[in-house]
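The following exercises concern a single protein chain. Each task is followed by a solution worked in steps.

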Amino acid sequence: MTDSYMILRKAFKMYVNRFRYAYFYGAKGEILTEKRMNELIALYPEYYSRFSQQALEEAKRYSKGKIGLDCSGFLTEITGLYGSSAMLYDETVDKTSVQNGKAGYMLYKPGHCGVDIGQKRLPMPPAIMTRCLDIRVLI
């Protein structure tokens, strides 16, 4: 089995179990408690200030007790590599377009990243991806 295969396998397993996870900016694989979510909101006011108090409360209600990941936390989970989406993107060599991408490629746009698990499906919340690159060059 190749590294790319293992990444896809981990990503797909997380996709199948996606209801165990919650996207929460700044989270890196920890169980989301009320305390931890409030800490993340306080740590990243530039991100969370765009949401109303009601939206934050709804997100916290949905996320409580789940495994929290943001996009770079997700990539860390499946690749074992640590870094922000921009750091992961900058460290790669091969870059292509979304149209030319395929399963196993990291999809990136400034501030967000994910992995195509086939047919342009992402195991993370949807976002418009403008560029993608081969995640295997990160291994």
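A salt bridge is taken here as a side-chain nitrogen of Lys or Arg within 4 Å of a carboxyl oxygen of Asp or Glu. The model is predicted.

**Exercise 1. Determine which residue forms a salt bridge with Asp-70, and where the two partners lie.**

Step 1. The partner of Asp-70 is Lys-28, with the closest N and O atoms 2.8 Å apart. This distance satisfies the criterion because the cut-off is 4 Å.

Step 2. Asp-70 belongs to the loop between β3 and α5, whereas Lys-28 is in strand β2; the pair links distant parts of the chain, 42 residues apart.

Step 3. Asp-70 has a relative accessible area of 4% and is therefore buried. Lys-28, at 35%, counts as partly exposed.

Step 4. A search of the whole structure finds 5 salt bridges.

**Exercise 2. Describe the surroundings of Arg-36 and its part in a network of salt bridges.**

Step 1. Arg-36 is located in helix α2, residues 34-43. Its relative accessibility of 24% makes it partly exposed.

Step 2. Apart from neighbours within four places in sequence, the contacts of Arg-36 are Gly-26, Glu-30, Ile-31 and Leu-43.

Step 3. Arg-36 forms a salt bridge with Glu-30, in which the closest N and O atoms are 2.7 Å apart. Another salt bridge joins the side chains of Arg-36 and Glu-39, at 3.2 Å from N to O.

Step 4. Arg-36 and Glu-39 are both in helix α2, 3 residues apart, which is about one turn of the helix. In general, an α-helix has 3.6 residues a turn, so residues three or four places apart point the same way. Glu-39 is partly exposed, with a relative accessible area of 33%.

Step 5. Glu-30, Arg-36 and Glu-39 are thus linked in a network of salt bridges.

**Exercise 3. Classify the ring pairs Phe-24 with Tyr-48 and Tyr-25 with Tyr-47 as stacked or tilted.**

Step 1. The search of the whole structure yields 6 aromatic pairs. For Phe-24 and Tyr-48, the ring centres are 5.5 Å apart and the planes are at 35°, so this pair is tilted.

Step 2. Phe-24 lies in the loop between β1 (21-23) and β2 (28-31), and Tyr-48 in helix α3 (residues 45-48), so the pair ties together parts 24 residues apart in sequence. Phe-24 is buried at 3% relative accessibility, and Tyr-48 is buried at 5%.

Step 3. The rings of Tyr-25 and Tyr-47 have centres 4.2 Å apart and planes at 10°, so this pair is stacked. Tyr-25 lies in the loop between β1 and β2 and Tyr-47 in helix α3, so parts 22 residues apart in sequence are tied together.

Step 4. Tyr-25 is partly exposed at 25%, while Tyr-47 is buried at 17%.

Step 5. One aromatic cluster is formed by Phe-24, Tyr-25, Tyr-44, Tyr-47, Tyr-48 and Phe-51.

**Exercise 4. Explain why helix α5 is largely enclosed, and state what α5 gives to the largest nonpolar core.**

Step 1. In α5 (residues 71-79), 7 of the 9 residues are buried, so the helix is largely enclosed by the rest of the structure. Among the buried residues of α5 are Phe-74, Leu-75 and Ile-78.

Step 2. The largest nonpolar core has 16 residues, of which Met-14, Phe-74, Leu-75, Ile-78, Met-106 and Cys-113 touch the most other members. α5 gives the most to this core, with 4 residues.

Step 3. A second, separate core of 10 residues includes Ala-22, Phe-24, Tyr-48 and Leu-56.

Notes. Residues numbered from 1 in each chain as written. Predicted model: local features only at pLDDT ≥ 70, side-chain atom pairs only at ≥ 80, totals over all residues. Heavy atoms only, no water. Helix = DSSP H or I, 4+ residues; strand = E, 2+ residues; numbered from the N terminus. Buried < 20%, exposed > 50% of the residue type's maximum accessible area, 1.4 Å probe, protein only. Contact = heavy atoms within 4.5 Å. Phe/Tyr/Trp six-rings, centres within 6.5 Å; stacked < 30°, edge-to-face > 60°. Core = buried A, V, L, I, M, F, W, Y, C linked by side-chain atoms within 4.5 Å.
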